[in-house]
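Colleague: I am new to this structure and would be grateful for guidance on how to read it. May we take one feature at a time?

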Amino acid sequence: MKISTISELENWMSKNGIKNTFTPKNRFVSDEGLGLEIIDGLYILYFIERGERQNIEYFKTEKDVAEFIFDFLKSGEAY
């Protein structure tokens, strides 16, 4: 299966029972863990723990970030 948009990723997460606290419209300020922010067309994957934010990866395209998060979720790894 290929995922190439954030919308496709959100749909896949919903169908597979994965709580979406990653994508911008599903993330709250109080959420900890991985998150995604889009600033001026740059996709920033970050991690928040105890209020401290660390930017982890930067992506130039929606396709690249959607594939990265999809692969990460399928692998079951933890940051």
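Modeller: Let us begin with a single residue: Ile-69 touches Leu-9, Leu-36 and Leu-45, leaving aside residues up to four places away in sequence. Please keep in mind throughout that this is a predicted model.

Colleague: To which group of residues does Ile-69 belong, and which others have the most contacts inside the core?

Modeller: Ile-69 is part of the largest nonpolar core, a set of 18 residues. Together with Leu-9, Trp-12 and Leu-73, Ile-69 ranks among those with the most contacts inside this core. Two or more residues are given to the core by each of α1 (6-15), β1 (33-39), β2 and α2 (62-75). The largest share comes from α2, with 6 residues.

Colleague: How should I read the packing of α1 and α2, and what is the angle between them?

Modeller: The angle is about 20°, and the axes of α1 and α2 lie 9 Å apart. Angles under 35 degrees count as roughly parallel, and α1 and α2 are therefore described as roughly parallel to each other. The crossing in which α1 passes α2 is left-handed.

Colleague: Which residues meet where α1 and α2 pack?

Modeller: From α1, the residues are Ile-6, Ser-7, Leu-9, Trp-12 and Met-13. They meet Glu-62, Ala-66, Ile-69, Phe-70, Leu-73 and Lys-74 in α2. Leu-9 and Ile-69, both on this list, also touch each other in the contacts with which we began.

Colleague: Let us turn to the strands. What is the order of the strands in the sheet?

Modeller: In a regular strand, side chains point alternately to one face of the sheet and to the other. Here the sheet is open and has 3 strands in the order β1-β2-β3, with antiparallel pairing. β1 and β3 are the edge strands, each pairing on one side only. From one strand to the next, the twist averages 30°.

Colleague: How many bridges join β1 to β2, and which residue in β2 is the bridge partner of Glu-37?

Modeller: β1 and β2 pair over 7 bridges in the antiparallel sense. The partner of Glu-37 is Ile-44 in β2.

Colleague: What joins β2 to β3, and how many residues lie between them?

Modeller: β2 (residues 42-49) and β3 (residues 52-59) run antiparallel and are joined by 7 bridges. One pair to locate is Tyr-46 with its bridge partner Asn-55 in β3. β2 and β3 form a hairpin with 2 residues between them. In the turn, Arg-50 has a positive phi of about 55°.

Technical notes
Residues are numbered from 1 along each chain as its sequence is written. This is a predicted model: local features need pLDDT of at least 70, side-chain atom pairs count only at pLDDT 80 or more; totals for chains, interfaces and linings use all residues. Side-chain values use heavy atoms; hydrogens and water are left out. Two strands pair if DSSP finds at least two bridges between them. Helices (H or I, at least four residues) and strands (E, at least two) are DSSP runs, numbered from the N terminus. A nonpolar core is a set of buried Ala, Val, Leu, Ile, Met, Phe, Trp, Tyr and Cys residues joined through side-chain atoms within 4.5 Å. Buried means under 20% relative accessible area, exposed over 50%, partly exposed in between (1.4 Å probe, protein chains only). Contact means heavy atoms within 4.5 Å. Axes are lines fitted to C-alpha atoms, for helices over the stretch in contact, and angles run from 0 to 180 degrees between N-to-C directions. Angles under 35 degrees count as roughly parallel, over 145 as roughly antiparallel, 65 to 115 as roughly perpendicular and the rest as oblique. A crossing is left-handed if the near helix is turned anticlockwise from the far one by less than a right angle, and right-handed if clockwise.
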